[in-house]
Structure formats: C-alpha cells, structure tokens
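Hi,

Here is the structure I said I'd pass on. Have a look at it first, and then read my notes below.

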Amino acid sequence: MKILVAVKRVIDAEVKVRVKADHTGVDDANVKMSMNPFCEIAIEEAVRLKEKGVASEIVAVSIGPAKAQETLRTTLALGADRAILIESDKNIESLAVAQILKNIVDEEQPQLVILGKQSIDSDNNQTGQMLAALLDWPQATFASELNVEEGCATVVREIDGGLETLKVTLPAVITTDLRLNEPRFASLPNIMKAKRKPLDIRPVSETGVDVSPHLDILSVEPPPTREAGIKVETVAELVDKLKNEAKVI
Ligand code: AMP
C-alpha cells in the first residue's frame, strides 16, 4: 500500500510571530521555519504503518517555496521514500492546495492520504476535507488512533466531550490530531541517507491549477498585550477586588 503525506513548511511553533508594519500578514523574513507539527505526526504515522508492514511506500508532498525542500528532506530522514515539491513563491490557499494534491493523488494512486488537521500558521483546518471532497473519498479527521487492515481504516476521532470510532474503506483521507503519536527525531545516519533519496521539484505552473487568491486579507492584528497584574495584601482585599472590580464572583 502506498501512502501520500502532505507536509507544510510553517513558522516554527516556538517563534514569537511579529505582525508586519502594514498589517497585511506576519513577518516571516529571517524567522525559523519548521514542519507543521500536525504534519510531523502525519509522517510519523505513515512510517509506523510501514514499519508494521502495512505500507510499502511513503511519498511526501509539499507545496511551497524552494526552501520547503528542507522540510521534505526531513520527511525523507524520518522514513519517507521519496518526495515531491510543487514550487511556488506565492502563498497558496487551501482549495488550490487541495486541487494540486488531488492531481498528485490521481498520478500516484495512493490508498491512503494523511494530512495534518490544521496548519499552525493559517489555522484553516480545511485542506484534508477539501481534498476528500474533490476525490469523493471517505475522510476521517482529527485521528487520535489509526488501524489499517483489509482495505479499511479504523479511526478514533477526538470530538467535543468524547471519542468517536469510524471505519472508512480505502482509499481514504485521514487528518491527524495531536495525540495520534509522538514523532521521532531523525538520526544523523538517516539525515545523511535522506540526501540520496529522490526529491522531485516541479513548478506550480505545470500543475494546471489556478492558484490565484480568492481571499483578501483586510488586516492582521497582534493579540492585545496583557496588562500588568497587581499584588494584594490580604485575602479580604483579593475577595473585594474580585467582587467589586473584576466582578467575577
Ligand atoms: P490547513 O487546512 O491549511 O489547516 O492544513 C491542513 C493540512 O493540509 C496540513 O497539516 C498539511 O498536511 C496540508 N497542507 C496545507 N497546506 C499545505 C501545503 N502548502 N503543502 C502541503 N500540505 C499542505
């Protein structure tokens, strides 16, 4: 079974993002970039399925700038067999990403596509769902447990107030939640080996997908800065302030 994993290069989760002076977006110049954490979980799950003998090949795909090659090399060091970069310097919206991924699915014919449930930069949470709709394949989103056997995937999903277990027939689209697994680190020998694994780079113009934006970002604002707290002398003073100033009790 072949698995396709979609990975996005995003601003590292540890970076304190700065909003651009003109409020059109966030500043990513000279900022540390990494693989989207949910995509790390997606690649880890694919590697575990390969280690179990369920998957025979893992293909990682990213749509992004030339530097996304680094992200794809990381997937190769973690256990992907080959990688495809659809190169574009422009930010590509989810629908176009899903359309590009659909073209790659048509070409590669995987039995399973694993994506992250959301990108931590845009917080869209929609690419997997759009891809499943375009392919007309079953989808199981927010997976916290995945078992694949006999042409089906059993997926435990985290939903409000509990867990839901779904059985989907393959081929299917699955998106990963935080608790699905704990991704491994790439070992040095595997980082070296990854340099020799195939990485196919194609310009986005070759995909035939219209990547012109459909959304206008009107303004991006940083969260309000937190006001400094105060120290109170007594419990009575605290209770008084909570009651009469904060009005929370
Ligand atoms: P989103 O819908 O943007 O929150 O992203 C959900 C998931 O879709 C991500 O975790 C990736 O697996 C995939 N994805 C989104 N954008 C891209 C991209 N540019 N390249 C590859 N995969 C992507």
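Helix H2 gives the largest share of the lining of the second largest pocket, with 4 residues. Keep in mind that this is a predicted model. H2 covers residues 68-78, and strand E3 (33-35) likewise supplies at least two residues of that lining. The space in the pocket comes to about 290 Å³. Its lining has 13 residues, and those closest to the centre are Met 35, Glu 40, Thr 74, Leu 78 and Phe 185. Sorted by class, the lining holds 6 nonpolar, 3 polar and 4 charged residues.

Next, helix H3. It runs over residues 94-108, and because each of its 15 residues should add 1.5 Å, a span of 21 Å is expected; the C-alpha atoms at its ends are 20 Å apart, which agrees. Its buried residues are Ser 94, Ala 96, Val 97, Ala 98, Ile 100, Leu 101, Ile 104, Val 105 and Glu 108. In an α-helix there are 3.6 residues a turn, so residues three or four places apart point the same way. What lies over the buried residues of H3? The cover includes strands E1 (2-6), E4 (57-64), E5 (82-87) and E6 (112-116), along with helix H4 (127-135). Just past the end of H3, Gln 109 has a positive phi of about 55 degrees.

One last spot to look at is Ser 144, which sits in strand E7 (residues 139-149). Ser 144 counts as buried because its relative accessible area is 12%, under the 20% cut-off. Leaving out residues up to four places away in sequence, Ser 144 touches Val 156, Arg 157, Glu 158, Leu 163, Arg 179 and Leu 180.

Cheers

Notes
Residues numbered from 1 in each chain as written. Predicted model: local features only at pLDDT ≥ 70, side-chain atom pairs only at ≥ 80, totals over all residues. Heavy atoms only, no water. 1 Å grid on protein atoms, 1.4 Å probe; cavity = no way out; pocket = protein on both sides within 12 Å on 5 of 7 lines; lining within 4 Å. Points joined across faces, edges and corners; volume = space filled by probe spheres on them. Nonpolar A, V, L, I, M, F, W, Y, C, P; charged D, E, K, R; others polar. Buried < 20%, exposed > 50% of the residue type's maximum accessible area, 1.4 Å probe, protein only. Contact = heavy atoms within 4.5 Å. Expected span 1.5 Å × (residues − 1).
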